[in-house]
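Please walk through the predicted model shown here, moving from single loop residues to ring pairs, cysteines and strands.

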Amino acid sequence: MSSTGSSSGLSDGATRSRVVKALQISGYHFTNATQLPITDHHDNVTLVNGYRVSDKTAVVAKVSSNSLHIEREYYIIRQLYQTADGPLYLVRPLEYAYLSSSGLAVAIYADAYNDRSPNRTIDDIGTFLRLAIRCTDIMEFIHRHNTVHGQLNMAAFCWSNNDMDTRLWNFAGSGSSSSFEKYLTSEGWKKYQHSQAIMENRLMYISPEQTGRTTYIPDHRSDIYSLGIVFFVLLTGQLPFDGGPLKIINSILSRKMPFVHDIQLNVPEAISRIIEKMTYKTPEERYMSMHGVKCDLEECLERLKTSDTGTIDSFPLAQHDIASVFMIPKNVYGRQDIVSNMMHIIEQFVNQYKPSKIRRQGATLTASSNSDPDSTEQKSAPSSTTLHEHDSSDLSSVSSRFVSVNGKQAATVVGIYGPGGIGKSTLFSSVQPLARKSGYITSTKFDSRNKVPYSGLLRLLSQALQQILSETEEEVHCFFDHLKAWLGAQFSNISVLADLVPELRLLLVASGYKNDSTKKEISMKVDNAEARLRFHNLYVEVFRAVSHWRMVTIFIDDIHQADDPSIDLLLALLLSKVNILVFMSYRDQELNEKQSEILKNEYANIQFIPVGTLKPDASIDFVCDTLHRSRDTDRQYVTPLALAIHRKTNGNAFFTAQLLQMMERKKLIYFNWEFNVWEYDLARIEQGTFLETMEEDVSFMVNRLKELPRHGQQLLKLASFVGDTFSWSTVKALMEETFSDDGSDNDSNDEDRSSLLSGDTSEFSRKSKSTEDTVEERRTHQRSYDPISGLHAVIQEGYIMQLGADEFKWSHDRITQAAGELVKPAMRCKIHFMIAQHMMQEEEDMDIFLVADHLLKCLDLLLSLEDKSSFRELFFDAGNKGRQSGAHDMAFSYYKAAIQLCDPQKEWDDDNYPVTLQLYTNALGLSFLLGNNETTESLADNIFKHARTPLDRKPAYLIQSHYYLSIQKSFEGRDFLVTCLEDLGNEKLTFENPEEAMQKGLDQLEKAIGDMDIDDIANIGLSKDPYVHATAEIMGEL
């Protein structure tokens, strides 16, 4: 995939020619191709003109390597086109094909024109109004069919000189109103920030809520904003804002857009006011519907026709606006006091925060700060301290709201707790914009299904570095100097962390830092406790460097689901007095003892905020806003419905929203078009077979999911096993390749599926890697499940949200839990295996911890395979990586799995001996470290039985010695070391007359030195004999 239009593989004429040649699709003939900028899709799209052979109908093919967006766009257009009025508003979809030989997705349309925008100013007001009415008519049509475009711009329409022939044909956002924050704070944005096409075709048209920097969630009103920008460009021939990407974003958020009539004097002020209302910063101030915009535009056209002077008199706007689109409000209800308290904490932290940046001045590095030097922490020398040095003597008494420890500001932790579904995550969203104004914000959500060690904490550092990388090149280089100076001697170990945080590696590359050690093999030691401390300390100090560069606010969701290594690392961060503000949400009844330590430590200023269920008044406000009813005049009408819902949900915000959506789908809540209001049927609602109470009960959501089409259900089933975020390519492959049976989960299908459990990780690529598929084979291939259909269904229901080109996330963990319940227990281990198989195909981007975690959950199945070698190797590699970073429990579980998968007849033969020896030795070290005495003895016995040389046995001797010392058997521990020395070829030590033996050794040393010239003594080199080194190590232990 290419990253920019200029350097793309599909950007030059030669490549476009090759694209045309690749389009050998029966029934069509293609001629020339043109390049569609990257900004219209997540990847480059080539437009190819042609015709259908049978009737010479002109067609346009969209060609891209991004099959998800091309196929989903085609699916959305086809679904809408098949409605009664669809042909009036959309281009005609003819065919979708995937060319496996070239990896290109192709969507073919008729009634399309390969001239994507007028590229001119519309001077005639009547012409503009007719075209604008046509555009609002089109958008009203798609909104009426529960579809939000999400990325409207000039290229979204297929323009025509005849206004009525203008049609919608570009759903670049795949029909979802996504946030663009990933372009502003991620590695991907670095590729696009210098692209003028991005500015003109994407950023300029996004609404404030789509920047991810407001409390509002994008919805159909984002389309109204974007269409207002389209109208502005059509009338003025210019964009509303100028500058670089960050300046544009700030303008979208805070700058008032210029009036159209101030730029084009011939434009009536009434039209300018309509565009102003369409583009207000807050969604509530805009039009509520495209219908309201269209009515005002039609009023303008009518007044223009009847005016002798060609003017349009002003009139009240939005008189015919309606709220016909059903949507659940994303506001915070009944939590105003909590939000105010959280904001107050943020403001107080901002007031006490003082940066301490280390900047380069000439050949030296100096600390710069806007504060009193005495109040900031200065580092004049490299720090090599470890976490052991932070003891209780560093603590002073807690005498204020913010704790100060030895003059250093301690971390501030705010615990937000309560049962599931009450809106803790929404509270985070409501205060994040305030925190973002003052510095960096990072967020993570722990996932109980995939407890990959450190993944949540590494994501926090990753996001902070993403935001640094989004700044100017000069600032990035300054931060690199700051980081290097701050870490001092520890900077030499930076590659350990860079291997786990891609953004850190990007920072090193961007700053011209090269270190070949970043690619060296992991070196294992017998006891890796020190490695964990070094890793923890390095992470802490990098985070400390970031926190001194700019204020950092951390949001951690579901701390009760965190893995133990992440808890250890988070505790290390808090104990190290890093000046950060941390918000944590959790279910207080589900915390284990280790997780509770986070909230009990004395090194941080910890505050607790309980969150309860909604009160009846808050529920009434919620329902009023959902039905677009006044909280004052219509409150009496809404109250019976709101109280009925409150009784059934016990005030749980999540279930309240789900119940309202279900009622709307069942038409118990409906829009009265005669009176333009939302109404409800209370009698039918009270007679409904809903649960008497839904709090803490997942069965309600399970029943809701069962109402989905089978394609949507299957997608959610599989995605629930992948994690809180999941790859579309993974789920699609599972749906197409793995579950191509009758669609049920009955045990009768196990035989069909067992053919996949062969241990051959190429299973998922058989179709693409076997014989070359023809388009005809692609057309006739009948799938039991349609992934695109399922994806569209679940996105429309709001169960999942798109994060990136291939990444999606669940909107709530209750939905994930319910989706998992749809899968029968007998199938669960097989799904884990199938997911792991697919992920193992993606060698470059494979998350080895995630794959190993899936394989652990199907270990019994792996044991039944004939060829286990690839899975054993993966467990071994995952154990090594986890051991290096200090995730000892997780690494030990991987090592144990690898040992279980060993073939007893072959594991110690010549081919497998080196790996098997290292596996058992590493497992032995961790077994001792974790206190698994029985396993320690068993592993040691195996090593002593099979190890071939004294050097191979030496680590086992050492660990056995440490083991006996730990259980108060010092003489047995000493005897193991003596035996080891003897095994290494040394004389047997006796302890009968140690002084005499020592004197004898000293005499021998003195004689040896005496026989040498004085100049030769200084040139004595280190011995190259490994047995000498091993002997010295054992003697040191003695």
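In this predicted model, His 628 has a relative accessible area of 29% and is therefore partly exposed. His 628 is placed in the loop between α22 (616-626) and α23 (635-649), and its phi is near 55 degrees, a positive value in a residue other than glycine. Beyond α23, in the loop that leads to α24 (653-665), lies Asn 650, which has a positive phi of about 55 degrees although it is not a glycine either. With a relative accessibility of 32%, Asn 650 also counts as partly exposed.

Another loop residue, Asn 153, is found between α4 (125-144) and β6 (157-158). Is Asn 153 buried or exposed? Its relative accessible area is 5%, so Asn 153 is buried, the cut-off for that class being under 20%. A polar atom of the Asn 153 side chain lies 3.0 Å from the backbone nitrogen of Ala 155.

A positive phi also appears in a hairpin, the one formed by β17 and β18 with 4 residues between them, where Asn 676 in the turn has a phi of about 55 degrees. The two strands, β17 with residues 669-672 and β18 with residues 677-680, pair in the antiparallel sense over 4 bridges. Within this pairing, Tyr 670 stands opposite Glu 679 of β18.

A further set of strands makes an open sheet of 3 strands, in the order β19-β21-β20 and with antiparallel pairing. Its edge strands are β19 (725-727) and β20 (800-802), each of which pairs on one side only. Taken without regard to direction, neighbouring strands of this sheet are turned by 30 degrees against each other on average. The pairing of β19 with β21, whose residues are 807-810, is antiparallel and runs over 3 bridges, and in it Phe 726 has Phe 808 of β21 as its bridge partner. As general background for reading such strands, side chains in a regular strand alternate between the two faces of the sheet.

The next topic is the aromatic side chains. How many aromatic pairs does the structure hold? There are 34 aromatic pairs in the structure. In one of them, the ring centres of Phe 479 and Trp 549 are 5.5 Å apart and the planes stand at 80 degrees, so this pair is edge-to-face, a label that applies to planes over 60 degrees apart. The pair links distant parts of the chain, since Phe 479 belongs to helix α16 (residues 473-487) and Trp 549 to helix α19 (residues 529-549), with the two positions 70 residues apart in numbering. Both Phe 479 and Trp 549 are buried.

A stacked arrangement is found for Phe 555 and Phe 583, whose rings are 5.2 Å apart from centre to centre, with 10 degrees between the planes. This pair, too, links distant parts of the chain: Phe 555 is in strand β14 (residues 551-557) and Phe 583 is in strand β15 (residues 581-586), 28 residues apart. Phe 555 has a relative accessibility of 1% and so counts as buried, while Phe 583, with a relative accessible area of 0%, is buried as well.

Elsewhere, ring pairs link five residues into a cluster, namely Phe 944, Tyr 957, Tyr 963, Tyr 964 and Phe 976. Aromatic rings also meet charged groups in this model: the charged end of Arg 948 sits over the ring of Tyr 913, 4.2 Å from its centre, and the charged end of Lys 881 sits over the ring of Phe 849, 5.8 Å from its centre.

The cysteines remain to be considered. A search of the whole structure finds 0 disulfides. Why is there no bond between Cys 829 and Cys 858? The sulfur of Cys 858 is the closest cysteine sulfur to that of Cys 829, yet the two are 6.6 Å apart, which is too far for a bond, given that a disulfide requires the sulfur atoms to lie within 2.5 Å. Cys 829 counts as partly exposed because its relative accessibility is 29%, whereas Cys 624, at 0% relative accessibility, counts as buried.

How values were computed:
Residues numbered from 1 in each chain as written. Heavy atoms only, no water. Pairing = 2+ DSSP bridges. Phe/Tyr/Trp six-rings, centres within 6.5 Å; stacked < 30°, edge-to-face > 60°. Buried < 20%, exposed > 50% of the residue type's maximum accessible area, 1.4 Å probe, protein only. Lys NZ or Arg CZ within 6 Å of the ring centre and 35° of its normal. Axes fitted to C-alpha atoms, helices over the stretch in contact; angles between N-to-C directions. Polar contact = N/O pair within 3.5 Å; in protein donor to acceptor, adjacent residues only side chain to side chain.
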